[in-house]
Amino acid sequence: MSVRNSLIPALLLATAGSLAQAAPNPDELKQLGTTLTPWGAIKAGNADGTIPEYTGGLSKPPANYDPKRPGWRPDPFASDKVLVRIDAKNMDKYKDRLTPGTMEMMKKYPDYYINVFQTRRSAGYPQDVLDNSVKNATRCATTNGDLGLDTSKGCGFGIPFPIPKSGLEVMWDHDARFRPTFMGRNAWVSYVKPSGEVVITAKGHTYKDYGFYDKSKEKPDTSLTFRMEYFGPTRLAGMHTMWHDMLEDSERRSWTYQPATRRVRLSPDSAADTPISQAGGAMVYDEDQLFSGKKDRFEWKLLGRKEIYIPYNNFKLFYPEEGGCNHEKRHATTRFLNPECVRWELHRVWHVEGTLKDGKRHVYSKRDIYVDEDSYSDGIAESYDKAGNLYRANLQLGAPAYEVPSPSITENYVVDVVSGVYMTNIAQDGFLVVPRLPAAQLSADYLDKVIFK
């Protein structure tokens, strides 16, 4: 790596947090596709070589991928070995690359550790998403007090702000990150008590429609349409939930269908800091996928890029081979997911700090969000209570869908460091890229119809 290239990451790391919010200038735009990737990640590796240069990511499946089993993705890095195991005994040596929450968990739980592997910049994108990400740098803007995304000038079908200048722009990049446009999966929500008892609080089939990438729409109007049909436990069987996350103001419009009443009702509480009852109350609605829904309760400050350890390339967790990290092995430990099942890597992340606005109410007073610069999916969110103490750590466990290609599909893993409870929401038989449902089936009028069976 040339001296010039070695200085670029350091320069950008030093300046990213101090940039005033403004549209990218011509010199910055020239970086997209040269020193920066089309979606704005630093293309070069880091100074000590522990983060490699980006060379294209995973854009095709490994040889053992079976197209007849499209929801199942074998691990292309299965032969990688653990580089270092970090726990309470040696964490001070690595403290510059650990988040406060990760260190707090190590201090509180002496048996907690992370296994760090070689960094694999596996995020791959279709060419049209790359092309549109570059175009979005000059055609995307926030609107409605920065709470909405203006798509009137062609904004869509790529990362909206490849050169983000504010915390809200990074949050929009996270909201509108690229994933396969229509995804389905069978998921189990597991609530693990401090005693180690595992309670399956919900089983269901989910369908996700990422409208920002739906080319049937001339002007995207949603970032996400989510629909879930519950088939267990018995008290939930037959219930449906659905919401639309709107681009114009980030408002969530949501509905539920209860078989007991045979009625579809508005569900405005399926947002913000309402505890998710189907997860035993172990997480709130807006901490799905690090953060989701309306952004109006917090001031979002961009603190710049950092190099930290985050969960990454977790094929082993999502697609366990026989005897691997299946449901039982994942939850064989108390207070946190089995560390042997989680792969960690060193990556550059955008660090955004959310502080509760005066006059607004939320169970969290502050949120630190660290989102991967390559995928805008993987990362960690750490949330603090009103006294300023760490309340919950929200780790996004993900792996690329290399056959699309798509950088990463992530699942929720939330640790409550106060109560000792943790919850996971993980697909049991992989993630399927599925045909798009007709728009009529994604309306409230259709919510009482069974669509997945």
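Trainee: In this predicted model, over how many bridges do strands E11 and E12 pair?

Mentor: Strand E11 covers residues 298–311, and its pairing with E12 is antiparallel. One pair within this ladder is Lys 306 and its bridge partner in E12, Val 349. The number of bridges between E11 and E12 is 13.

Trainee: Which residue of E13 is the bridge partner of Val 349?

Mentor: Strand E13 spans residues 366–372 and pairs with E12 in the antiparallel sense over seven bridges. Val 349 also has Lys 306 as a bridge partner. In E13, the bridge partner of Val 349 is Asp 372.

Trainee: Which residue of E12 stands opposite Val 116?

Mentor: Strand E2 comprises residues 113–116. E2 and E12 run parallel and are joined by two bridges. Opposite Val 116, in E12, stands Trp 344.

Trainee: How many of the 14 residues of E12 are buried?

Mentor: A residue counts as buried when its relative accessible area is under 20%. Strand E12 covers residues 343–356 and is largely enclosed by the rest of the structure, because nearly its whole length meets that condition. The number of buried residues in E12 is 13.

Trainee: Which residue in the turn between E14 and E15 has a positive phi?

Mentor: E14 and E15 pair in the antiparallel sense over six bridges; Glu 382, for example, has Ala 393 in E15 as its bridge partner. The two strands form a hairpin with five residues between them. The residue in the turn with a positive phi, about 85 degrees, is Gly 388.

Trainee: Through how many residues does a hairpin join E15 to E16?

Mentor: E15 and E16 pair in the antiparallel sense over nine bridges. Within this pairing, Leu 397 has Glu 411 in E16 as its bridge partner. E15 is also largely enclosed by the rest of the structure, because 12 of its 12 residues are buried. The number of residues through which the hairpin joins E15 to E16 is four.

Trainee: Is Ser 408 buried or exposed?

Mentor: Ser 408 lies in strand E16. Beyond four places in sequence, Ser 408 touches several residues, including Arg 179, Ser 375, Asp 378 and Pro 400. Its relative accessibility is 2%, and the limit for this class is under 20%. Ser 408 therefore counts as buried.

Trainee: Is Leu 83 buried or exposed?

Mentor: Leu 83 is placed in the loop between helix H2 and strand E1. Apart from neighbours within four places in sequence, Leu 83 is in contact with Val 116, Phe 117 and Gln 118. Its relative accessibility is 60%, and the limit for this class is over 50%. Leu 83 therefore counts as exposed.

Trainee: How far apart in space are Leu 83 and Asn 115, C-alpha to C-alpha?

Mentor: In sequence, Leu 83 and Asn 115 are 32 residues apart. Asn 115 falls within strand E2, residues 113–116. The C-alpha to C-alpha separation in space is 7.5 Å.

Trainee: Which residues of helix H3 are buried?

Mentor: Helix H3 covers residues 100–108. Its buried residues pack against strands E1, E2, E12, E14, E15 and E16. The buried residues of H3 are Gly 101, Thr 102, Met 103, Met 105 and Met 106.

Trainee: How many residues of helix H5 are buried?

Mentor: Helix H5 covers residues 167–175. Among its buried residues are Leu 168, Trp 172 and His 174. H5 is largely enclosed by the rest of the structure, because the number of its residues that are buried is nine of the nine.

Trainee: What is the volume of the largest cavity?

Mentor: The model has five cavities of 30 Å³ or more. The 22 residues that line the largest cavity include Phe 226, Met 228, Trp 243, Ile 276 and Asn 425, the closest to its centre. By class, that lining divides into 11 nonpolar, seven polar and four charged residues. The volume of the largest cavity is about 320 Å³.

Trainee: Over which residues does pLDDT stay under 50?

Mentor: The chain averages a pLDDT of 92, and 94% of the residues score at least 70. Where pLDDT is low, the predicted coordinates should not be read in detail. The stretch where pLDDT stays under 50 is residues 1–20.

How values were computed. Residues are numbered from 1 along each chain as its sequence is written. This is a predicted model: local features need pLDDT of at least 70, side-chain atom pairs count only at pLDDT 80 or more; totals for chains, interfaces and linings use all residues. Side-chain values use heavy atoms; hydrogens and water are left out. pLDDT is the predictor's confidence in each residue, from 0 to 100. Contact means heavy atoms within 4.5 Å. Buried means under 20% relative accessible area, exposed over 50%, partly exposed in between (1.4 Å probe, protein chains only). Two strands pair if DSSP finds at least two bridges between them. On a 1 Å grid over the protein atoms alone, a cavity is a set of points where a 1.4 Å probe fits but cannot get out, and a pocket is an open set with protein on both sides within 12 Å along at least five of seven lines; lining residues have an atom within 4 Å of a point. Grid points are joined across faces, edges and corners, and a volume is the space filled by probe spheres set on the points. Ala, Val, Leu, Ile, Met, Phe, Trp, Tyr, Cys and Pro count as nonpolar, Asp, Glu, Lys and Arg as charged, and the others, Gly among them, as polar.
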